[in-house]
Amino acid sequence: MHSKDQMTVNQAIFTLILFFFGSSVILGISTKVAQDSWAAILIGALIALPVLLMYAQILRRYPGKDLFEIADILLGKKAGAVIAVLYTWYALHLGALVLRNFSDFIQISLLPETPQLPITILMILTSIYLTRSGMRAIGKWSVAIIFYIIFVIVFTFTAAMRLVHLDELFPLLQHPPREILDAGVGIAAFPFAESVILLCAGKAVPKGKSRKVYLIPLLFTTAVFLLAFVRNISLLGQKMFEVSLFPSYVTARIIQLGNFITRIEGSISSNFVMTGLVKISLCLTAGARGISRLAGLPDYKTMVMPAGMFVFMLTVILFDNTMDMFHFIEYYPVYAFPFQVLVPFLIFFVAEVEARHAKKRQPA
């Protein structure tokens with residue numbers, strides 16, 4: 001395999017952390033259950049844990065192979081082709097969703113006078129360039145910006161300390177358990193289980209390190225989501241937190257240090273866009289790999305530009321307006337369930353059965 005498509009352990013971990021941040025940092029984490037969102041975040045992480053361990057085990061059984069190759073080996077060429085079609089669609093559709101999230105955010109919050117089209121074009125071209133540079137380049141980009149992003153998170157949380165009203169976190173567990181559980185399922189599906197995309201680029205994950213690559217980002221991202229939730233709701237209040245389309249950005253507009261450091265939402269916005277580029281690039285990588293697999297091409301990078309153009313066109317026609325986008329997010333866990341759970345579980349189950357049979361066939 002070409003060295004440009006092989007990540008180090010740290011690169012893979014940082015890339016998945018930024019993938020998890022992705023569009024979830026601009027859309028917010030479970031505003032529907034307001035002050036009980038902390039419980040939803042924890043439930044979401046617990047639900048996602050076995051799912052991510054399943055992804056890691058699949059890669060552990062077949063190191064150096066991606067989901068398309070593993071499906072061919074375990075299920076045969078025809079079933080493998082069907083799975084390649086399904087995951088090519090899911091990767092490109094997810095890329096379009098993320099791109100639309102960001103183009104809407106930038107137009108609504110930052111550049112209301114600027115049409116969405118040039119914003120979308122600029123982001124997709126940057127993502128195409130990053131994708132064509134290879135998974136190692138995406139990993140290096142992630143390592144380069146992760147410390148800036150962590151600094152911004154810590155800085156905004158520290159700067160907000162004097163403004164927080166912790167009484168906004170109470171009363172605890174006021175929402176019905178069903179609502180909190182539904183919110184937790186939504187968090188498990190978006191963003192945690194979306195990391196099924198990494199299976200499609202499984203060649204990049206260092207051999208034998210898949211569990212580490214999945215579990216460290218899950219734990220780190222859960223902690224950051226909890227911190228961001230506490231910061232946002234304690235500054236905005238429960239009612240404002242529930243109705244804000246982009247709560248982290250609104251929170252950043254409130255924060256200021258004295259009379260000389262104000263309007264720090266610029267740092268938050270650049271933070272958002274950097275994570276979005278990583279998520280879109282991973283989606284393009286998975287989609288391009290799927291297309292090249294179906295077309296029998298040796299190098300997926302020849303398909304990155306067509307995949308990017310498809311994502312761009314899909315982004316333009318995906319929703320009529322921003323509220324349609326938020327309405328779709330409510331049903332996203334149901335749509336994503338086959339891609340995130342059913343098909344991976346089928347592959348995981350067959351892989352485990354094959355491994356046991358192979359162990360029995362070995363001479364004593």
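User: Which residues are exposed on the other side of α6, away from its buried ones?
Analyst: Happy to help; this is a predicted model, where local features need pLDDT of at least 70, side-chain atom pairs count only at pLDDT 80 or more, and totals for chains, interfaces and linings use all residues. Residues are numbered from 1 along each chain as its sequence is written, and side-chain values use heavy atoms, leaving out hydrogens and water. Exposed means over 50% relative accessible area, buried under 20% and partly exposed in between (1.4 Å probe, protein chains only). On that side of α6, the exposed residues are Leu 122 and Tyr 129.

User: Within what arc do the buried residues of α6 fall?
Analyst: The buried residues of α6 include Ile 119, Met 123, Ile 124 and Ile 128. The arc is taken from the directions from the helix axis to the C-beta atoms. Down that axis, the buried residues line one face of α6, because they fall within an arc of 165 degrees.

User: How far does α6 reach from its first C-alpha to its last?
Analyst: Helices here are DSSP runs (H or I, at least four residues; strands are E, at least two), numbered from the N terminus. With 17 residues, 116-132, α6 is close to the 24 Å expected, that being 1.5 Å times one less than its number of residues. Its reach is 24 Å.

User: Which helix gives the largest share of the largest nonpolar core?
Analyst: Such a core joins buried Ala, Val, Leu, Ile, Met, Phe, Trp, Tyr and Cys residues through side-chain atoms within 4.5 Å. The largest one has 113 residues. Its largest share, 14 residues, comes from helix α5.
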